[in-house]
Amino acid sequence: MSEMSATYVYGIVRAGDDPPADEAGLHDERVQLVAQEGLAALTSEVPEDFVEAGREELLTHSRVLENAVRRGSVVLPMRFGVVMPDAKGVREELLAPYRDELQGQLEEMDGKVEVNLKGIHDEQSVLSEIVREDREIAELREAIRGKPQDATYYERIRLGELIAEALDDKRAEVAPTLIEALRPYAVAVQVGEPVHERMALNASFLVERDRLDKFDKVVDEIGEKEAGRLRLRYTGPLPPHSFVELGVGG
Amino acid sequence: MAAATQMQPHRGGSGYVARSSSSGLYDVLELILDKGLVIDVFVRVSLIGIEILTIDARIVIASVDTYLRFAEAVNRLDLMQTETQGLPDMMEGLSEGGAESKTKGVLQGAKEALFGDEDEDEEGEDGGGSQRRTSSTTTRHRRKSSQSGKPSRSKRTSKS
């Protein structure tokens, strides 16, 4: 630990919002608001040499943001890992130059939450479907069956490659259908990369809190309809990570 | 504003959807790392251990190992008598856990090494796999995760 300290930034709220009540942030340092002209940054002190972090720190980042939302704040989350020299730096390099942009986004995000939805194909179900639907795969599979592994190495790679492609096709087919079913209940949609080989959908939806029940109901309906075929994982409500952005700045 | 209680996870519903609040670290990892407000010059903290998970997961989709695992998994479908066309009905008769467990160790194996058993874990409450992986000292900048996020393209070009 160094003597010097720096300032970690979790997110941006409105200056008038309830401040965190004695909340511990990274390294157990107290979370504080650094305010400037109507805006406030959620911050805490970190050692000057704070450059590497792990799971605990990620969770802390997430928790500080969530707690702000629980206090009733509209929160613009910072990406994980933003450290500024000190509170003065936060005011002068973040809050002041980006003031209009941040104000505008706070306005825009008022009353909205992010929901992340991931859909993962059931392995048995999707592979069976692929074998039934794709003749080349079915034939290659028949040809390989019962033969020693060493003798079919390249055929098996080819088979796997074809399956991976078929999974891509499934993804291209499934994702838009699900997104379109949910789009009417969301303000905006951000589609992410799959982070699992059988992941058919990874999308974030910006949803008005008032409409969250409707959105959830449709998710449930999809989940029921796709049961046994696709497993849905719903995370939220979250602060709007996927829907905030800083421009080049002033 | 003033809707604090509404931020609690919505539960219930059909029971077909696994839900968690954002404490489900694995499911929000890429959001916290790749999204949000950022001023590049002040991004200083890099992750050890966890960040690699998201990157590897994307690369692994288009690897030979994955192909071989797919091939093995599809050959194992024999056990499920795919040919009989009775499968959709059979699937309904199986509990999800039952169906999963039969192929565990095929596709699941490598993924568990990456994520722990997150995918199967209804709550997915944390990156269990991350701790197992923190022994890796490699630190990569998060930017790589988005650059490497196009496994399907390189795979496609390698086709035929």
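Here are legends for four close-up views of this predicted two-chain model.

**View 1. A five-strand sheet takes strands from chains A and B.**
Welcome to the open sheet, whose strands run in the order β8(A)-β9(A)-β7(A)-β10(A)-β1(B) with mixed pairing. Each of the two edge strands, β8 (188-191) of chain A and β1 (17-20) of chain B, has a single partner strand, so one side of each is left without a neighbour in the sheet. From one strand to the next, the twist averages 20 degrees. Where the chains join up in this sheet, β10 (residues 230-238) of chain A pairs with β1(B) in the parallel sense, over four bridges. If you would like a residue pair to look for, T235(A) stands opposite S20(B) in β1(B).

**View 2. Helices α6(A) and α7(A) lie across strands of the sheet.**
Which strands does helix α6 of chain A lie across? Spanning residues 153-182, α6(A) lies across β7 (112-121), β8, β9 (199-208) and β10 of chain A. Its direction is at about 15 degrees to β9(A). Helix α7 (residues 212-225) of chain A lies across β7, β9 and β10 of chain A, and also across β1 of chain B. Relative to β10(A), α7(A) runs at about 165 degrees.

**View 3. Helix α5(A) packs with α6(A) in a left-handed crossing.**
Two packed helices are described by the angle between their axes and the distance between the axes. For α5 (residues 135-144) of chain A and α6(A), the axes come within 10 Å and cross at roughly 155 degrees. That angle makes α5(A) roughly antiparallel to α6(A). On the α5(A) side, the contact is made by E136(A), I137(A), L140(A), R141(A), A143(A) and I144(A). Facing them, α6(A) contributes E155(A), R156(A), R158(A), L159(A), L162(A), I163(A) and A166(A). By type, these contact residues comprise eight nonpolar, no polar and five charged.

**View 4. Confidence along chain B, with a mean pLDDT of 53.**
How does the pLDDT vary among the elements of chain B? Helix α3 (residues 64-76) of chain B has the highest mean, 89, whereas helix α6 (residues 107-115) of chain B has the lowest, 33. In chain B, 28% of the residues score at least 70. Residues 1-13 of chain B stay under 50, and the model gives them 22 contacts beyond four places in sequence. Residues 82-160 of chain B are also below 50, with 116 contacts in the model beyond near neighbours in sequence. A friendly caution: where pLDDT is low, the predicted coordinates should not be read in detail. The model as a whole scores ipTM 0.83 and pTM 0.75.

Notes
Residues numbered from 1 in each chain as written. Chains lettered and ligands numbered in written order. Predicted model: local features only at pLDDT ≥ 70, side-chain atom pairs only at ≥ 80, totals over all residues. Pairing = 2+ DSSP bridges. Axes fitted to C-alpha atoms, helices over the stretch in contact; angles between N-to-C directions. Contact = placed C-beta atoms within 7 Å. pLDDT = per-residue confidence, 0-100. Parallel < 35°, antiparallel > 145°, perpendicular 65-115°, else oblique. Left-handed = near helix turned anticlockwise from the far one by under 90°. Nonpolar A, V, L, I, M, F, W, Y, C, P; charged D, E, K, R; others polar.
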